[in-house]
Protein chains: 2
Amino acid sequence: MTTSDLVQQIQNKKSFLCIGLDVDIDKIPKHLLDEEDPIFAFNKSIIDATHHLAVAYKPNTAFYEAYGLKGWKALEKTIQYLNTNHPDIFTIADAKRGDIGNTSTMYAKAFFEDLGFDSVTVAPYMGKDSVEPFLAFTDKHTILLALTSNKGAFDFQTKMVEGTEVYKTVLETSKTWVNSKNLMYVVGATKAKFLADIRKIVPDSFLLVPGVGAQGGSLSEVCNYGMTKDIGLLINSSRGIIYASSETNFAEAAAAEAVKLQQQMEAILNAR
Amino acid sequence: MTTSDLVQQIQNKKSFLCIGLDVDIDKIPKHLLDEEDPIFAFNKSIIDATHHLAVAYKPNTAFYEAYGLKGWKALEKTIQYLNTNHPDIFTIADAKRGDIGNTSTMYAKAFFEDLGFDSVTVAPYMGKDSVEPFLAFTDKHTILLALTSNKGAFDFQTKMVEGTEVYKTVLETSKTWVNSKNLMYVVGATKAKFLADIRKIVPDSFLLVPGVGAQGGSLSEVCNYGMTKDIGLLINSSRGIIYASSETNFAEAAAAEAVKLQQQMEAILNAR
């Protein structure tokens, strides 16, 4: 999927919402545990109820790997369901991978070819030759961790390197990599005020912004500091939407939470 | 497995060799492709031929994920085979994971509980609250990326932060985390001369050292700068051992390469 396809979808749906499919078997409604594949059954219901409100879905791979083969199978079925029924929706494997060259190529194959995701999140610590193998898939997007939403972001990411913060060095350096135009970046909503500076370095890139909702980030602040002429933002909410209810009405409850965010987004888009 | 169990094993086998099980289906002997599970069949043969020479095995998860469900199943069978037949051997999931707190807990469960590895490699970029969930498994080891073997290590890891390199800041900071005594660190063999400085910060920690062989690192240099009284080193070789031959004698050829490294290690241990 091209960036302009994504922008078009945002304009059509009046939404730049990404829904995080972080499925914890201990948190899903009990009646689903009788299903053959409870995780997929949960995801399918969430997708069916929210696909008109969201432009992207983001399963975090940790939640699938924790259940071993069954979990990986549920991930496979989820991405297949999305690609078959909603090929217009942008899909993100939130995997935070990264390794030396040939190994990163194997990860890229796993997420881009085998599973068929549009994008994958990647950690920058190992540098250029750990990220370029993902960028070599020129019809896909690589989403690089820049400034994350958690407290630990202040341990290394905001430390000063030769007069500039580590995360800014990551942003600047990544722009020199081959096919860097296909990079997007993770910036936590809890760091909204940093977005003004970030936009000086990557004025047009799409940012994947987790941390609205459960983690305390503000949608209006993020938009205020981070929105571009082509929107340039994917705002992720996971727990706030998918665990809105643990009863049989969970999908409707998720849709109700998603509508709230979509309507705030529509208001922001209309006010531009 | 405790660190002293590992040290005991090193002394018994006169070896601190770790064999990387980075299985690329395009590189394994063709006759194995007729097996029901070619990747596991390959690993089993390699393990059977080398288990007396190696103290650790390290499957890199990328190579399994690239083959989807079949790959994950081969990984599961490999770790089960090791845990059943060689419970004394240290097992490393080379996964380079790391995410916000609750998500890292899911990764830790995947590798420590579901698969049953003794350790997992973790990336430091997201800081303390992304690593401590792994360290919370107090009977397991968390192996933090410090200074990696690839060229990209010079992009961010060696940059100066407030007067000290990023990777040294990672080492120093990690020592303050809860249960940090169960940390090990990845330091590439291609950066052997950095080990003298690294040992000033983590004098006793075990280091997992990839990059001997195919990547050009020197065993004797690594030992010269990095060895402790309890050895403190796991030297990894992957391609140099497992792809020593692509014929039916591949396991014997792998053992022959492993013996060469083990004998060099024995000589180094005897010369102490």
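Which strand of chain A pairs with strand β3 (residues 90-97), and in what sense, parallel or antiparallel? Select residues 90-97 and 119-122 of chain A in this predicted model: strand β3 and strand β4 run parallel to one another, joined over 3 bridges. To place one of the bridge partnerships, pick A:Arg97, whose partner in β4(A) is A:Val122.

Staying with β3(A), add helix α4 (residues 68-85) of chain A, which packs on the sheet and touches β1 (17-21) and β2 (56-59) as well as β3, with its direction at about 150° to that of β3(A). Then move to helix α10 (residues 219-226) of chain A, which also packs on the sheet but touches β9 (207-209) and β10 (233-237), its direction making about 160° with that of β10(A).

Now show the strands together: β1-β2-β3-β4-β5-β8-β9-β10 of chain A form a closed barrel of 8 strands with parallel pairing, and from one strand to the next the twist averages 30°.

For the interior, select A:Phe16, A:Ile19 and A:Phe111 along with B:Phe16, B:Ile19 and B:Phe111, the residues that touch the most other members of the largest nonpolar core, which has 208 residues. Centre the view on A:Ile19, whose contacts beyond four places in sequence include A:Ile46, A:Thr50, A:Tyr57, A:Lys58, A:Asn236, A:Ile241 and A:Ala258.

Finally, select residues 16-254 of chain A, where an unreviewed UniProt entry places the feature "domain: Orotidine 5'-phosphate decarboxylase"; this span is 39% helix and 19% strand, and its end C-alpha atoms lie 16 Å apart.

Notes
Residues are numbered from 1 along each chain as its sequence is written. Chains are lettered from A and ligands numbered from 1 in the order in which they are written. This is a predicted model: local features need pLDDT of at least 70, side-chain atom pairs count only at pLDDT 80 or more; totals for chains, interfaces and linings use all residues. Side-chain values use heavy atoms; hydrogens and water are left out. Two strands pair if DSSP finds at least two bridges between them. Helices (H or I, at least four residues) and strands (E, at least two) are DSSP runs, numbered from the N terminus. Axes are lines fitted to C-alpha atoms, for helices over the stretch in contact, and angles run from 0 to 180 degrees between N-to-C directions. Contact means heavy atoms within 4.5 Å. A nonpolar core is a set of buried Ala, Val, Leu, Ile, Met, Phe, Trp, Tyr and Cys residues joined through side-chain atoms within 4.5 Å. Buried means under 20% relative accessible area, exposed over 50%, partly exposed in between (1.4 Å probe, protein chains only). UniProt positions are given in the numbering used here, feature names are shortened, and annotations may be inferred rather than shown by experiment.
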